[in-house]
Amino acid sequence: MSDNLSAKPVIAILGGTGKEGSGLALRWALGGYPVIIGSRQLEKAQSAALELNKILGKDVVIGMENNKAAEKAEICILTVVQEAHQAALQSLKSSLQGKILVDATARVDFRDPKPPAPPSAARMAQNLLGEQVRVVAAFQNIPAHLLKKKLGEPLECDVLICSDDPQAAQVVIDLAQAGGMHGLYAGGLDNAVTVEGITSLLISINKYYGAKTASLFISGLGDRG
């Protein structure tokens with residue numbers, strides 16, 4: 001994938017072969033972004049990319065091993081399960097330098113959802129990776145089942161975006177918009193632990209009401225254009 005193919009930044013979705021990563025990949029690819037699916041296993045990444053391209057009807061997503069995907073991208077999205085979070089960050093540390101890393105980790109057990117203790121996953125990521133990586137927390141509350149519904153149409157949900165770097169946060173707000181969602185800046189990385197906790201609420205709501213797509217919408221902001 002060449003940067004010359006698009007004026008938009010290249011996005012790498014690291015650990016992106018699951019439902020959340022593939023759903024985000026579809027929406028951004030439809031929005032004209034060059035997208036790389038990353039995995040620890042090259043064959044798994046390539047297989048996921050092939051399936052996404054079949055859905056899209058064109059070859060616009062490619063698969064790479066995680067570190068190579070990170071090196072090729074300007075914006076990286078981490079969508080690994082919580083148990084793999086720290087190990088993934090350690091293995092990707094050198095490849096992420098100079099990048100924006102969007103950490104979508106919510107440290108919540110689906111079987112017994114409870115809010116996690118601080119610090120936030122994104123704060124841990126920032127501490128581990130260092131100041132040359134601009135960490136943003138986002139997309140923890142977006143249901144994977146919702147992302148693949150009504151592709152090309154907006155979703156009725158908000159993305160709470162936390163970062164100590166407001167400029168990096170704005171980049172991710174724009175990404176959310178390109179994916180049919182509405183991004184809202186919600187403060188620094190320490191606030192992201194609250195956003196992770198909201199995931200436990202949404203899981204509990206889904207379980208009680210037999211749903212899969214409960215999401216978040218913030219009212220009272222007037223025209224959010």
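Visitor: What covers the buried residues of helix H5?
Guide: This is a predicted model. Helix H5 spans residues 121-129. Its buried residues include Ala121, Leu128 and Leu129. What covers the buried residues of H5 includes helix H4 (85-92), strand E5 (100-103), strand E6 (134-137) and helix H8 (192-209).

Visitor: How many residues of H5 are buried?
Guide: Helix H5 is mostly covered. Among its buried residues are Arg123 and Gln126, along with Ala122 and Ala125. Of the nine residues in H5, the buried ones number seven.

Visitor: Which residue follows H5, with a positive phi?
Guide: H5 runs over residues 121-129. After H5 comes a residue with phi near 95°, and that residue is Gly130.

Visitor: What is the order of strands in the open sheet?
Guide: The open sheet has eight strands, and their pairing is mixed. Its edge strands, E3 (61-65) and E8 (182-185), each pair on one side only. From one strand to the next, the twist averages 25°. The order is E3-E2-E1-E4-E5-E6-E7-E8.

Visitor: In which sense do E5 and E6 pair, parallel or antiparallel?
Guide: Strands of a sheet pair through backbone hydrogen bonds, in one sense or the other. E5 and E6 are joined over four bridges. One bridge links Asp103 to Ala137 in E6. The sense of the E5 and E6 pairing is parallel.

Visitor: Which helix gives the most to the largest nonpolar core?
Guide: The largest nonpolar core has 38 residues. Those with the most contacts inside it are Ile13, Trp28, Ile77, Val102, Phe139 and Met181. Six residues of this core come from the helix that gives the most, H7 (residues 166-178).

Visitor: How many residues are in the other core, the one with Leu128 and Leu202?
Guide: This core lies apart from the largest one. Ala137 and Leu189 are also among its members. One of them, Leu128, is a buried residue of H5. The residues in this core number 33.

Visitor: Which residues does Ile13 touch, beyond those up to four places away in sequence?
Guide: Ile13 is one of the residues with the most contacts inside the largest core. Two others in that group, Trp28 and Ile77, are touched by Ile13. The full set for Ile13 is Gly21, Leu24, Ala25, Trp28, Val35, Ile36, Ile37, Gly38, Ile77 and Thr79.

Visitor: Which side chain makes a polar contact with that of Ser95?
Guide: Ser95 sits in the loop between H4 and E5. Its relative accessibility is 5%, so Ser95 counts as buried. Beyond its neighbours within four places, Ser95 is in contact with Ala70 and Glu71, among others. The polar contact of 2.7 Å joins the Ser95 side chain to that of Asn67.

Visitor: Where is Pro119 found?
Guide: Pro119 is joined to Pro118 by a cis peptide bond. Omega there is about 5°. The place of Pro119 is the loop between E5 and H5.

Visitor: Is Phe139 buried or exposed?
Guide: Phe139 lies in the loop between E6 and helix H6 (144-147). Its phi is positive, near 70°, though Phe139 is not a glycine. The relative accessible area of Phe139 is 1%, so Phe139 is buried.

Visitor: Is Lys150 buried or exposed?
Guide: Lys150 lies in the loop between H6 and strand E7 (158-163). Its phi is positive too, near 50°. The relative accessible area of Lys150 is 59%, so Lys150 is exposed.

Definitions and conventions:
Residues are numbered from 1 along each chain as its sequence is written. This is a predicted model: local features need pLDDT of at least 70, side-chain atom pairs count only at pLDDT 80 or more; totals for chains, interfaces and linings use all residues. Side-chain values use heavy atoms; hydrogens and water are left out. Buried means under 20% relative accessible area, exposed over 50%, partly exposed in between (1.4 Å probe, protein chains only). Helices (H or I, at least four residues) and strands (E, at least two) are DSSP runs, numbered from the N terminus. Contact means heavy atoms within 4.5 Å. A nonpolar core is a set of buried Ala, Val, Leu, Ile, Met, Phe, Trp, Tyr and Cys residues joined through side-chain atoms within 4.5 Å. A polar contact is a pair of N or O atoms within 3.5 Å; within protein, one must be able to donate a hydrogen and the other to accept it, and residues adjacent in sequence count only if both atoms are side-chain atoms. Two strands pair if DSSP finds at least two bridges between them. Axes are lines fitted to C-alpha atoms, for helices over the stretch in contact, and angles run from 0 to 180 degrees between N-to-C directions.
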